[in-house]
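Subject: Structure handover

Hello,

Here is the structure for you to look over. My notes on strands, a helix and the open and closed spaces follow below it.

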Amino acid sequence: MCTVTYLPVNEREFILTSNRDEDASRAPALPIMEYQINNRSVFFPKDQQANGTWIAYDVKGYTLCLLNGAFQPHIRKEAYRKSRGLMLLDFYNFCEPEDFATQYDFTDIEPFTLIMAYSCFDTDNVILYELQWDEHKATLIKHDSTHPLIWSSVTLYTPEVIQARNNWFNDWLEKHTTYTKDDILFFHHFAGAGTTENDLVINRGNKKTVSICCINKHLSHTEIIYEDILNKKFYKNKIINC
């Protein structure tokens with residue numbers, strides 16, 4: 001939930017990959033399973049502590065991914081009304097990102113950035129949104145889905161480190177004219193300058209990159225790769241889209 005990349009494969013297919021940086025003592029997430037939310041089949045790894053998630057895929061078209069923090073670092077409260085991981089799943093009770101951004105009650109939820117990518121048989125191209133909540137206002141923007149993007153959590157990384165990560169990503173893009181899940185997974189495992197503090201896979205003692213999840217969206221089906229790094233477990237799902 002702390003480093004995310006988006007790659008357009010063609011007009012209607014994409015690859016979205018997320019590194020989750022968490023407290024190493026936190027219980028590992030459950031492997032990706034199917035859950036029913038508002039009569040929608042949603043696939044996600046479940047966080048055992050809060051029962052939410054940081055990344056999810058809905059067979060009708062929406063891929064969601066969460067990062068901690070919004071525009072700038074914030075002072076964390078001792079407690080919040082609802083976890084961000086449960087808020088993400090509440091999205092599937094809405095029809096559109098605009099409805100979610102304007103109608104959902106974000107009061108007393110910790111600041112976040114939510115990436116939302118939509119593609120299905122009746123769309124001409126991927127529709128890519130970014131929703132940021134800073135404890136005062138929900139800001140929704142629409143990205144050009146034909147351009148690759150990278151996000152890093154402002155709660156973990158300084159602007160200088162975020163810029164360095166952007167540079168690593170741009171260097172990677174210059175060497176790849178086409179995009180595959182294997183290539184971007186390699187980037188998410190090994191990109192960096194050789195420091196475990198700020199490389200894409202971090203190890204800061206109590207804070208580590210605990211997992212990597214890659215959602216490879218095809219029109220007919222979707223492949224999801226989930227790697228539990230700490231426990232050295234690998235899971236792969238192939239989902240037939242509606």
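Strand 2 and strand 11 (residues 207-217) run antiparallel, with 10 bridges between them. This is a predicted model, so please read everything here in that light. In that pairing, Phe14 sits opposite Lys217 of strand 11.

Strand 2 has a second partner. Strand 1 (residues 3-8) is joined to it by 6 bridges, again in an antiparallel arrangement. The connection from strand 1 to strand 2 is a hairpin of 5 residues. Two pairs fix the register for you. Thr3 has Asn19 of strand 2 as its bridge partner. Tyr6 stands opposite Leu16, also in strand 2.

Strand 1 pairs with strand 10 (residues 149-152) as well. The two run antiparallel and share 4 bridges. Here Thr5 is bridged to Ile150 in strand 10.

How many residues of strand 1 are buried? The count is 6 of the 6, so strand 1 is largely enclosed by the rest of the structure. Thr3, Thr5 and Leu7 point one way from the strand, while Val4, Tyr6 and Pro8 point the other way. Both sets are buried. Strand 2 tells a similar story. In strand 2, 9 of the 10 residues are buried, so the rest of the structure largely encloses it.

Now the pocket. The largest pocket holds about 740 Å³ of space. Its lining has 28 residues. Which of them lie nearest the centre? They are Glu22, Arg26, Arg76, Arg84 and Glu110. By class, the lining splits into 13 charged, 8 polar and 7 nonpolar residues. Please keep those charged residues in view when you look at the pocket.

Two elements to pick out in that lining are strand 2 (14-23) and helix 1 (84-90), each of which supplies at least two residues. Strand 2 gives the most, with 4 residues. So one strand links several of these notes: strand 2 pairs with strand 1, pairs with strand 11, and helps to line the largest pocket.

There is a closed space too. The count is 1 cavity of 30 Å³ or more. The space in the largest cavity is about 30 Å³. Its lining is made up of Val59, Lys60, Ser119, Cys120, Phe121, Lys217, Leu219, Asn241 and Cys242. In terms of class, that gives 5 nonpolar, 2 polar and 2 charged residues. Lys217 may look familiar. Besides lining the cavity, Lys217 is the residue of strand 11 that stands opposite Phe14.

Last, helix 3. Helix 3 (residues 159-174) has 16 residues. From its first C-alpha to its last, helix 3 reaches 23 Å, close to the 22 Å expected at 1.5 Å a residue. Its buried residues are Val161, Ile162, Arg165, Trp168, Phe169, Trp172 and Leu173. Seen down the helix axis, these buried residues fall within an arc of 140°, so they line one face of helix 3. On the other side, Pro159, Glu160 and Glu174 are exposed.

If you open the file in a viewer, three views cover these notes. Begin with strand 2 and its antiparallel partners, strand 1 and strand 11. Then go to the largest pocket, with Glu22, Arg26, Arg76, Arg84 and Glu110 nearest its centre. Finish by looking down the axis of helix 3, where the buried residues keep within an arc of 140°.

Best wishes

How values were computed:
Residues numbered from 1 in each chain as written. Predicted model: local features only at pLDDT ≥ 70, side-chain atom pairs only at ≥ 80, totals over all residues. Heavy atoms only, no water. 1 Å grid on protein atoms, 1.4 Å probe; cavity = no way out; pocket = protein on both sides within 12 Å on 5 of 7 lines; lining within 4 Å. Points joined across faces, edges and corners; volume = space filled by probe spheres on them. Nonpolar A, V, L, I, M, F, W, Y, C, P; charged D, E, K, R; others polar. Buried < 20%, exposed > 50% of the residue type's maximum accessible area, 1.4 Å probe, protein only. Pairing = 2+ DSSP bridges. Expected span 1.5 Å × (residues − 1). Arc of directions from axis to C-beta.
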